[in-house]
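Subject: Structure handover and findings

Dear colleague,

I am passing on the structure we spoke about, with the sequence beside it. Please open both before reading on, as my notes follow directly below.

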Amino acid sequence: MKYMIASDIHGSARWCAELLDAFANEGAEKLVLLGDLLYHGPRNDFPDDYSPRKVFAMLNGVKEKILCVRGNCDSEVDQMVLDFPIMADYALLTLDEKTLFLTHGHLYNEDTPPLLKKGDVLFNGHFHTPCFKEIANGALYVNGGSAALPKDGTPHSCMILDGDTLSWVDL
């Protein structure tokens with residue numbers, strides 16, 4: 001199965017549209033969202049075309065293809081307008097013998113990883129900068145950056161996981 005993995009839309013209708021266009025163009029079967037969908041957060045400026053209403057309408061349009069976990073800016077009121085579950089702190093996927101631990105990053109991250117074994121992968125958003133490195137017990141830490149509010153001069157980005165191949169997509 002081909003997955004697109006993205007994080008940190010933060011209410012940007014422009015970057016949500018770009019993400020969904022890339023999702024369609026890549027032919028991915030599932031869109032994995034690692035949180036922070038609608039609200040920009042108190043530490044961030046407003047993203048381009050800030051419109052949470054447009055964002056939830058766009059995401060609800062592909063609800064059957066979305067797997068989502070909660071970010072630190074997501075709340076119960078967000079769940080009220082989204083037609084797919086967003087309130088889990090993490091999700092687990094199995095790929096061959098590997099566990100993919102999908103979470104936003106404010107609870108589990110490279111400094112506070114969950115129990116993983118060699119070859120398992122911890123996917124995060126939250127920090128808004130792409131990263132790929134080995135962490136405790138030989139597990140991998142992967143951060144796809146941010147769709148709407150990238151930091152440290154990095155591009156608006158997400159990831160594609162197709163079998164064993166992981167690649168970054170510059171939106």
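In what follows, helices and strands are DSSP runs, of at least four residues (H or I) for a helix and at least two (E) for a strand, and they are numbered from the N terminus. Please keep in mind throughout that this is a predicted model.

With that numbering, D96 has its place in the loop between strand 4 (90–95) and strand 5. The phi of D96 is near 55°, which is a positive value in a residue other than glycine. A second case is N137, which sits in the loop between strand 7 (130–134) and strand 8 and has a positive phi of about 60° although it is not a glycine. For context, most residues other than glycine have a negative phi. Are these two residues buried or exposed? D96 counts as exposed because its relative accessibility is 58%, and exposed means over 50%; N137, at 57% relative accessibility, counts as exposed as well.

Turning to the empty space, the largest pocket holds about 160 Å³. Its lining is made up of 13 residues, of which K98, V121, L140, L161 and D164 are the closest to the pocket centre. Two or more lining residues come from each of strand 5 (98–103), strand 6 (121–124) and strand 8 (140–144). By class, the lining of this pocket divides into nine nonpolar, two polar and two charged residues.

As for enclosed space, the count comes to one cavity of 30 Å³ or more, and the volume of the largest cavity is about 30 Å³. Which residues line the largest cavity? They are I5, A6, S7, L34, N124, G144, G145, S157, C158 and M159, and by class they comprise five nonpolar and five polar residues, with no charged ones. Strand 1 (2–6) and strand 9 (157–162) each supply at least two residues of that lining, and strand 9 gives the most, with three residues.

One further residue deserves a look, namely D8, which lies in the loop between strand 1 and helix 1 (13–26). D8 is buried yet has no salt bridge, and the nearest side chain of opposite charge, that of K151, is 7.9 Å away, whereas a salt bridge requires a side-chain nitrogen of Lys or Arg within 4 Å of a carboxyl oxygen. The side chain of D8 does, however, make a polar contact with the side chain of H10, at 3.1 Å.

With best regards

Conventions
Residues numbered from 1 in each chain as written. Predicted model: local features only at pLDDT ≥ 70, side-chain atom pairs only at ≥ 80, totals over all residues. Heavy atoms only, no water. 1 Å grid on protein atoms, 1.4 Å probe; cavity = no way out; pocket = protein on both sides within 12 Å on 5 of 7 lines; lining within 4 Å. Points joined across faces, edges and corners; volume = space filled by probe spheres on them. Nonpolar A, V, L, I, M, F, W, Y, C, P; charged D, E, K, R; others polar. Buried < 20%, exposed > 50% of the residue type's maximum accessible area, 1.4 Å probe, protein only. Lys, Arg positive; Asp, Glu negative; His and termini not counted. Polar contact = N/O pair within 3.5 Å; in protein donor to acceptor, adjacent residues only side chain to side chain.
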